[in-house]
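Me: I would like a close look at a single part of this structure, set carefully in the context of the whole chain.
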Amino acid sequence: MEIEGKFKIKFKKAWLDDLAVFLRLMKPHRLRLLLALLCSLIISGLNGVIAWAVKPAMEGIFIKKSYEFLYLIPIGVVILFTLKGIFTFTNNYLMSSIGAKIVKTVRDAVYEKILKLPMSYFYKDSSGNLISKVLNDVDLLKNTVAFTIKDFLVEGLTIIVLAGVALYRRWDLALLSFVVLPLLIYVIAKIGVRLHDVGMKTRLRIAKVTTLLHETLNGIKIIKAFTMENAMIKRYENALQEHYRNTMREVITEEFSVLLTETLAGIGVALIIFYGGFLVVNDRISSGDFFSFVAAILLMYTPLRRLSRVNASFQRGRNVLERLREIIFFEEEPDKGKSIDIKGHIVFKNVSFKYPLSKDYALKNINFEINPGETVAIVGSSGAGKSTIVDLIAGFWYPNEGDILIDGISIREISLHSLRSQIALVTQDIILFNDSIINNIKFGNITSTREEVEKSAKIADAHDFIVKLPSSYESTVGEKGVLLSGGQKQRITIARAILREPKILIFDEATASLDTESEEKIQKALEEMRKGRTTIVIAHRLSTTKKADKIIVMDNGKIIEIGLHEELLAKGGLYNELWKLQFSDFSYS
Ligand SMILES: Nc1ncnc2c1ncn2[C@@H]1O[C@H](COP(=O)(O)OP(=O)(O)O)[C@@H](O)[C@H]1O
Ligand SMILES: [Mg+2]
């Protein structure tokens, strides 16, 4: 990805690295930056002119007592300040637009990157933290770019120009006021380190607040049902309080650098007044020179104060880079393999698999073969590893040991995009997007026509209830589909899978939330659907498994039995046990 290169710089010093990243991010906007730089030059030049003009103005009014000057000076002042205002406006506009453009680019690139990250990333970084990075953190880049760079350029140049005027008027006085400079630089550098550390904590705290908010919105029903409102408020308040404390720590550190800058500036001014006053008293300096000099020094005050904040803002930007690097440098999901037309032959050969953060293997030495067009049922108690098997087929994870062959080719050599484009997965977690029903179904195949969508919906037993909705297929499902019942939402996801016309169709407990009648209808639809494609059904209700060409019975990450319904019943093993259990379930209900 383009952005990755921009973030990849290796200097000896980390802050140089980060500075280089900012410069690279600004590179596409160099024309604007150049214009802004021009404005900065003009602004600092105007400041210089103002300080320099104090001498002729003073001499014109106080010494020559000329009327001409009396008229000219106010006009000159208005012109100078108006010009300064215009160029400051243009400069701010340009830098803010560069900042906003960079924020847009980075958000875009990070989003794209997130979509390319492997599943393992999302177990490492919570979605709240990711949202916080993309929204809160990236937003800070705008300030870093717009204000840090602008202040650094404008105020830095202004200080240089004013220092030039001061030197030109009285070099000895000027040098005297600059003796505090090395001390100032040292202090700012020291404070920068602390700001960097405190700022990083603030980022983590705001991420925590975002995470809590995100989780609350996702789990609002459970929070209410378990009457956890007060506990959540407490938790949220704590997170806010911690964030507040850290923000204040940051403010104190930042303001402390302003305080020190001002104190040191005061010392500089005191030295000038002492020595300058001495020169004036002894008639060794003209009052015009002296006032022009003092004007230059005083005009330096605001730029100096702003410059002392530049570091704070730069450190904040560096924190953002640090957090973004965690995403940007995370290895993407590989997608280099071959694109193949899948027939649907699946072989697991001695597959063992362990989730990255867990100790135990979720799958242990799994072996089975599914022929193209077969329907296979996987059964077993919860936690047995059924979902893990289908997730491996979809390439969400690669096995730690052994291999998975799709049409005889190792899954590692197949392009994941090509593989997944021929798989349709219906899971128990119902994922609908905040969009119309038709678009949610079309998610399965974006190019399909309205007729095809309706046909799929009919097969999934969804058409009838959809047309009864106020806006039929155009109804919005709301966030997570609050308008619809669980079974209805599930049927939409099934229609989506059907529309995809996959070579491998996977139902992971997809009918668990449906009533028996709907389930039966979908069973029939499935029979239609599975012609010519490999179907894997993880079923809760074993009635589904009767017609399967193969039943895989799992327990604790291992395959216990494989066979046909009748065979497995006769065998009297785990399948028989599960069957009896369910049968007795039914007799009670
Ligand atoms: N993302 C994950 N990280 C760590 N462990 C997981 C993860 N997902 C599932 N597991 C574990 O892997 C095992 C198999 O889970 P799963 O395949 O979901 O079972 P099933 O679908 O049969 O109920 C379980 O012990 C579960 O705790
Ligand atoms: Mg499961």
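Among contacts in the protein chain between residues at least 6 apart in sequence, what percentage join residues at least 24 apart? And where is Val 145 placed, and which residues does Val 145 touch, not counting those up to four places away in sequence?

Reply: The model is a predicted one, and the share you ask about is 80%: that is the part of the contacts between residues at least 6 apart in sequence that join residues at least 24 apart.

For the context, the protein chain holds 21 helices and 10 strands, and its domain assignment gives domain 1 (2-328), domain 2 (338-422 + 504-514 + 532-589) and domain 3 (433-501). The C-alpha centres of domain 1 and domain 2 are 58 Å apart. Taken along the principal axes, the C-alpha atoms fill a box of roughly 120 × 50 × 50 Å, and the radius of gyration of the protein chain is 35 Å, where a compact globule of 589 residues would have one near 25 Å. Of the 589 residues, 35% are buried.

Turning to the part itself, Val 145 sits in helix α6 (residues 127-169). Val 145 counts as buried because 25 other C-beta atoms lie within 10 Å, and the cut-off for being buried is 20 or more. Leaving aside residues up to four places away in sequence, Val 145 touches Phe 22, Met 26, Ile 98, Gly 99 and Ile 102. Val 103 can be added to this picture by distance, since the C-alpha atoms of Val 145 and Val 103 are 9.5 Å apart in space, although 42 residues separate the two in sequence.

Several of these names lead to helix α4, where the buried residues include Ile 98, Gly 99, Ile 102 and Val 103, as well as Phe 87, Asn 91 and Val 110. The buried residues of α4 pack against α6, and also against α1 (2-7), α2 (14-26), α3 (30-63) and α12 (301-328). Helix α4 (residues 67-116) has 50 residues, which at 1.5 Å a residue should span 74 Å, and the expectation agrees with the model because the end C-alpha atoms of α4 are 74 Å apart.

Elsewhere in the model, ligand 1 is surrounded by 13 residues, the closest being Tyr 355, Ala 362, Lys 386, Ser 387 and Thr 388. The shell around ligand 1 divides into 5 nonpolar, 7 polar and 1 charged residues, and helix α13 (residues 386-393) gives the largest share of the shell, 3 residues.

Notes: Residues are numbered from 1 along each chain as its sequence is written. Chains are lettered from A and ligands numbered from 1 in the order in which they are written. This is a predicted model: local features need pLDDT of at least 70, side-chain atom pairs count only at pLDDT 80 or more; totals for chains, interfaces and linings use all residues. A residue is near a molecule or strand if its C-beta atom, placed from the backbone, lies within 6 Å of it. Helices (H or I, at least four residues) and strands (E, at least two) are DSSP runs, numbered from the N terminus. Ala, Val, Leu, Ile, Met, Phe, Trp, Tyr, Cys and Pro count as nonpolar, Asp, Glu, Lys and Arg as charged, and the others, Gly among them, as polar. Domain bounds come from an automatic or database domain assignment. The radius of gyration is taken over C-alpha atoms; the globule rule is 2.2 Å times the number of residues to the power 0.38. A residue is buried if 20 or more other C-beta atoms lie within 10 Å of its own, exposed if 12 or fewer, and partly exposed in between; C-beta atoms are placed from the backbone. Two residues are in contact if their C-beta atoms, placed from the backbone, lie within 7 Å. The expected span of a helix is 1.5 Å times one less than its number of residues.
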